[in-house]
Amino acid sequence: MEKYKILKDLVKINTINDNGNKEIIEYLEKYLLSLGFKTEYKDKALIMSIGDNPKFGFLGHTDTVNYAEDKWKVNPFELTKKDGKLYGLGVCDMKGGIAAMLDAVKELKEENKDLNLKLYFTYAEETTFDGMKDVLKFEKEFPETMIFGEPTNNEILVGSKGILEFEIKFIGKSAHSSNPDKGISANMNAVNLINNVNKFYIEEIKTEIENSYEINYTTMNVGTIHGGTNKNSVSEECIVTIDFRTVKDKHHEKIIKEIEKQCKVYNAEIKITENIYPFINEIKNIETKTSNFITEASLITNKNEEKEYKKMNKIILGLGPITAHEVDEYITEESYKKLVDLYKKLLY
């Protein structure tokens, strides 16, 4: 298992909900310092660099989701090798990606390659993206090529759908269900708004196609509906969450405008809980594949309030098979070796 020492060490650290954040950051910093990197930022997140004016950047998140203790057959905090597979919590998402980054850097150093590289390590990716937000507060300009180690089964992804999420609160008036006209049903208002928004979505949004995505249209999902207290009472309050996975920037403005209009009709309070735009990079000699899910790559934009960043390409590339968040999470040894080689080829 010495071959996978870095991955073994990372898996051993319990970072569920960032529990072992300090320990894993200290480990990563110590390892990279030994390879000649310098520390640029260190708190719960970590940024380290080597060389002048780095052209490439790697980014990985150190936290993992929780696990079902009664269902796992292997120790989630011990790297287990069996039949060409490597098991452990986070091996796929995404401690394996981080370990492959470090192994690639180590091998290039051993080959006496000059490196111009930055490494970013974040936290809370599985919950709030706070780690990425901390990095964005510090970093004003990213390298022109950023590589994100999320699991992709060794496929290079150069784009991602956007996400637009709403929480909508309806306030009604309680009454007995035998005389509903005395009340105002928050639940019925929610149903009417959902139907109206869905009609708008089908007619105005879903019809616009972007074939760079596997699911080539903006999707709409009503995630939760919580309303009412009794079956024989008119509901006084209802809270609905709706999310859209978008393929075009302009869909964000159109959807927000429509939902704001509907909320005025039904006297509802609206809260936009997420608003991240889609992106697609055109990279020469790389087949354009994209993801329908959101990664930290979606949070890095080419602009900020002060100036426009230099041109930046974003590549999502990680391990497989994609067993993230699954019981007995694992990757294959073959995939790990291939990823280290792919990272080295991207850098050289």
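Contact here means heavy atoms within 4.5 Å. The model on screen is predicted.

**The sheet.** Select strands S9 to S12. They form an open sheet of four strands in the order S10-S11-S9-S12, with antiparallel pairing. Look at S10 (219-227) and S12 (268-276): these strands stand at the edges with a single partner strand each, so one side of each has no neighbour in the sheet. From one strand to the next, the twist averages 15°.

**One strand pair.** Now select S10 together with S11 (residues 237-246). The two run antiparallel and are joined by eight bridges. For one example, show Met-220, whose bridge partner in S11 is Phe-244.

**Helix H5 on the sheet.** Add H5, residues 186-205. H5 packs on the sheet, where it touches S9 (162-171), S10 and S11, and its direction makes about 15° with that of S11.

**Helix H6 on the sheet.** Next add H6, residues 249-265. This helix lies across S9, S11 and S12 and runs at about 5° to S9.

**The two helices together.** Hide the strands and keep H5 and H6. Their axes come within 10 Å and cross at roughly 150°. Angles over 145 degrees count as roughly antiparallel, so H5 is roughly antiparallel to H6. The crossing is right-handed.

Finally, show the side chains where the helices meet. On H5, select Leu-193, Asn-196, Val-197, Phe-200, Glu-204 and Ile-205. On H6, select His-251, Lys-254, Ile-255, Glu-258, Ile-259, Gln-262 and Cys-263. Coloured by class, this contact shows seven nonpolar, three polar and three charged residues.

Terms used. Residues are numbered from 1 along each chain as its sequence is written. This is a predicted model: local features need pLDDT of at least 70, side-chain atom pairs count only at pLDDT 80 or more; totals for chains, interfaces and linings use all residues. Side-chain values use heavy atoms; hydrogens and water are left out. Axes are lines fitted to C-alpha atoms, for helices over the stretch in contact, and angles run from 0 to 180 degrees between N-to-C directions. Angles under 35 degrees count as roughly parallel, over 145 as roughly antiparallel, 65 to 115 as roughly perpendicular and the rest as oblique. A crossing is left-handed if the near helix is turned anticlockwise from the far one by less than a right angle, and right-handed if clockwise. Ala, Val, Leu, Ile, Met, Phe, Trp, Tyr, Cys and Pro count as nonpolar, Asp, Glu, Lys and Arg as charged, and the others, Gly among them, as polar. Two strands pair if DSSP finds at least two bridges between them.
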